[in-house]
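Welcome, and please take a moment to turn the model around before reading on. The report below moves from one helix to the strands and then to the aromatic rings.

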Amino acid sequence: LSAMGEPSMDPSISAADSTAQQGSLFSMMDVFLISLITGLFTYWFFFRKKKEEVPELPKMQTVAAPVRDSSFIEKMKKTGRNIVVFYGSQTGTAEEFANRLSKDAHRYGLRGMAADPEEYDLSDLSRLSEIDKSLAVFCMATYGEGDPTDNAQDFYDWLQEADADLSGLRFAVFGLGNKTYEHFNAMGKYVDKRLEELGAQRIFELGLGDDDGNLEEDFITWREQFWPAVCEHFGVEATGEESSIRQYELVVHTDVNMNKVYTGEMGRLKSYENQKPPFDAKNPFLARVTENRKLNEGGERHLMHLELDISNSKIRYESGDHVAVYPANDSSLVNQIGEILATDLDTVMSLNNLDEESNKKHPFPCPTSYRTALTYYLDITNPPRTNVLYELAQYATDTGEQERLRKMASSAAEGKALYLSWVVEARRNILAILQDMPSLRPPIDHLCELLPRLQARYYSIASSSKVHPNSIHICAVTVEYETKTGRLNKGVATHWLKNKVPEQNGSSSLVPMYVRKSQFRLPFKPSTPVIMIGPGTGIAPFVGFIQERAWLKQQGKEVGETVLYYGCRREHEDYLYREELARFQKEGVLTQLNVAFSRDQAEKVYVQHLLKKNKEHVWKLLNEGMAHVYVCGDARNMARDVQNTFYEIVSEFGSMSQPQAVDYVKKLMTKGRYSLDVWS
């Protein structure tokens, strides 16, 4: 305010001047006062608004924070549990195994609970010894290239940094992996090794399940030796035969507000009607299909290119990321299950957990209808696991069928062989089993309790966000095959996607999706050469990579050699993205295009043969150009053959022995210069 009074106090202004200027002074004062009042009001308005907004922040944080309201130790004490089975699960199998182990515990006078490590503070493991006869079991799946699953990432980080004393902890680990992958069961092996390093006591050997073989059998074999080891360690005995214990109770809703009934949402009720970012596995975005075209010119298969509109979703992606889509089961399969079990599929029900302390209140979003559960929430197309057969056996009225089901669920060699041939190799899903066992008619609610959750399907994104910021492209092949029983089995997601046509008659085809980040990334420097190897739909991420390199070139960046090794069956049948690749080559972005047509000649030619043919150039790029190598596609054969070819090239031109060449390639992997995006 002193500044405000300065003009009237200026000694250079005389009394006469003051009188003469009084009128103008008042008008100046008026303007000044009005400005001051306006300024104060503006300040008050914004200050008041800020004050109102401040309390909102903690509210938002509270909602977003993970559920860690209690220690798993306190929960175990409160509910009388002494065995905790943690699971690291990406597709639901590890969670399923954890639930089976926790249910087993009652047979030995023990009480178990399955637990998601994401929901608890795992540093509490050091306190588990406070509970008598306590044991921690870890069912840990490995995802991607030796990575932890999303829900086990925090646990993995803690294990790496922890210096905790776990000397009072007793543990066992069962790992879920796939031998076709480079880092087979890396997570299970790491957890087992690290817990021992921290002083914990292993009470049974590490189990290594192989999904490329028979994961179910691996688990059963480990489990039947695990429990006797537990009994011996704690001095307990089995209390009796395995019995069927329901985990959930059925509640049928006869008078329910349909606005409170789930219709396929993954998390929040009505989330598909009222979409709110951020979008993730529990809150997928409904993307509109803007393009769905067939890529191949002939042949029996259907290869397709889809484009999903992500405008206004705030979803960001990078070339090499994966898009996850939630499919729906074929309505004819759902209807047939309803008919066989003589059920009104539109009955609205809830399955409520009998354990009130459990964090998992329902096996899937409830309340919902049986139709919705079988369409969107439950896996009805994969062969059911042995525990499902065991539980269902009680409902078979024919003694022969009941015995057959029990035998397949047993650990006897004969039973395992029968399960392998009659269920796994014959690819019998739950509908086929019900059809082939006429006396087996379980209550539909128990069947819904037993079936695993329908999982999201992952696809390598076939576009670059630099070129297509508002759309995500998918390249996929429909899965369809005849089983040994003569049935036609169709891939759930690919057939569902095939029928997703762009807008017709004003209605859009929508796909629930989210993006999963990947380590499959272009080099930081555009000038670094890249060698991309991707036969079949393995070309998907490389379409995005080439688009991005073209965009970088347009921006005036120096772009290094861009080499593609692609393979398909026949040139005039399934050569995917032929025109696009030709255009990129003409523009000079794709500096070398090598295509192997495996069936266009008497002798089959694959991508690894073309790599050998160009071995000198490959070595030059690798050794002198510091090139990055990317492999995408089939893990079982192609990725392994390509890797062996690189061993040969490195050995020949680098003058190395076979072990040295293997070590060279492994070091490239460690440095992020040899990356894999493979599936089996």
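Which residue just after α14 takes a positive phi? In this predicted model, that residue is Arg427, with a phi of about 50°.

**Helix α14 and what follows**

Helix α14 spans residues 413-425, and its buried residues are Gly415, Lys416, Leu418, Tyr419, Trp422 and Val423. If you would like to trace their surroundings, look for four helices: the buried residues of α14 pack against α9 (215-234), α12 (386-393), α13 (399-408) and α15 (430-436). Trp422 also has a charged partner, as the charged end of Arg428 sits over its ring, 3.9 Å from the centre. Another arginine placed over a ring can be found at Arg583, which lies over the face of Phe584 at 5.0 Å from the ring centre.

**Strand β5 and its partners**

Strand β5 covers residues 170-177, and seven of its eight residues are buried, leaving the strand mostly covered. Its pairings with β3, β6 and β7 are set out below.

| Partner of β5 | Sense and bridges | Residues standing opposite |
|---|---|---|
| β3 (residues 135-143) | parallel, six bridges | Ala136 and Phe171 |
| β6 (residues 201-202) | parallel, two bridges | Arg170 and Gln201 |
| β7 (residues 207-210) | parallel, four bridges | Leu176 and Gly209 |

The link between β5 and β6 involves a helix too: β5, helix α8 (residues 186-197) and β6 make a right-handed β-α-β unit.

**Aromatic rings around Phe174**

How many aromatic pairs does the structure hold? The count is 28. A pair of aromatic rings is described by the distance of the centres and the angle of the planes. One of the pairs joins Phe97 and Phe174 in an edge-to-face arrangement, with 6.0 Å centre to centre and 65° between the planes. Phe97 belongs to helix α6 (residues 93-104) and Phe174 to strand β5, so this pair ties together parts that are 77 residues apart in sequence.

Are Phe97 and Phe174 buried or exposed? Both of them are buried. Phe174 forms a further pair with Trp222, this one tilted, at 5.3 Å centre to centre and 50° between the planes. This pair, too, links distant parts of the chain, with Phe174 in strand β5 and Trp222 in helix α9, 48 residues apart.

Why does Phe174 count as buried? Its relative accessibility is 0%, and the cut-off for buried is under 20% relative accessible area. Trp222 is buried as well, because its relative accessible area is 5%.

If you follow the ring pairs further, they link Phe97, Tyr108, Phe174, Phe204, Phe219, Trp222, Phe226 and Trp227 into a cluster.

**An antiparallel sheet**

A separate stop on the tour is an open sheet of six strands in the order β14-β11-β18-β9-β10-β15, with antiparallel pairing. At its edges are β14 (457-460) and β15 (471-477), each of which pairs on one side only. Neighbouring strands of this sheet are turned by 40° against each other on average, with direction ignored.

For a detailed view inside this sheet, try β11 (residues 322-325) and β18 (residues 510-516), which pair in the antiparallel sense over four bridges. There, His322 stands opposite Arg516 in β18.

Note on methods: Residues numbered from 1 in each chain as written. Predicted model: local features only at pLDDT ≥ 70, side-chain atom pairs only at ≥ 80, totals over all residues. Heavy atoms only, no water. Buried < 20%, exposed > 50% of the residue type's maximum accessible area, 1.4 Å probe, protein only. Pairing = 2+ DSSP bridges. Right-handed = clockwise from strand over helix to strand, strands pointing away. Axes fitted to C-alpha atoms, helices over the stretch in contact; angles between N-to-C directions. Contact = heavy atoms within 4.5 Å. Phe/Tyr/Trp six-rings, centres within 6.5 Å; stacked < 30°, edge-to-face > 60°. Lys NZ or Arg CZ within 6 Å of the ring centre and 35° of its normal.
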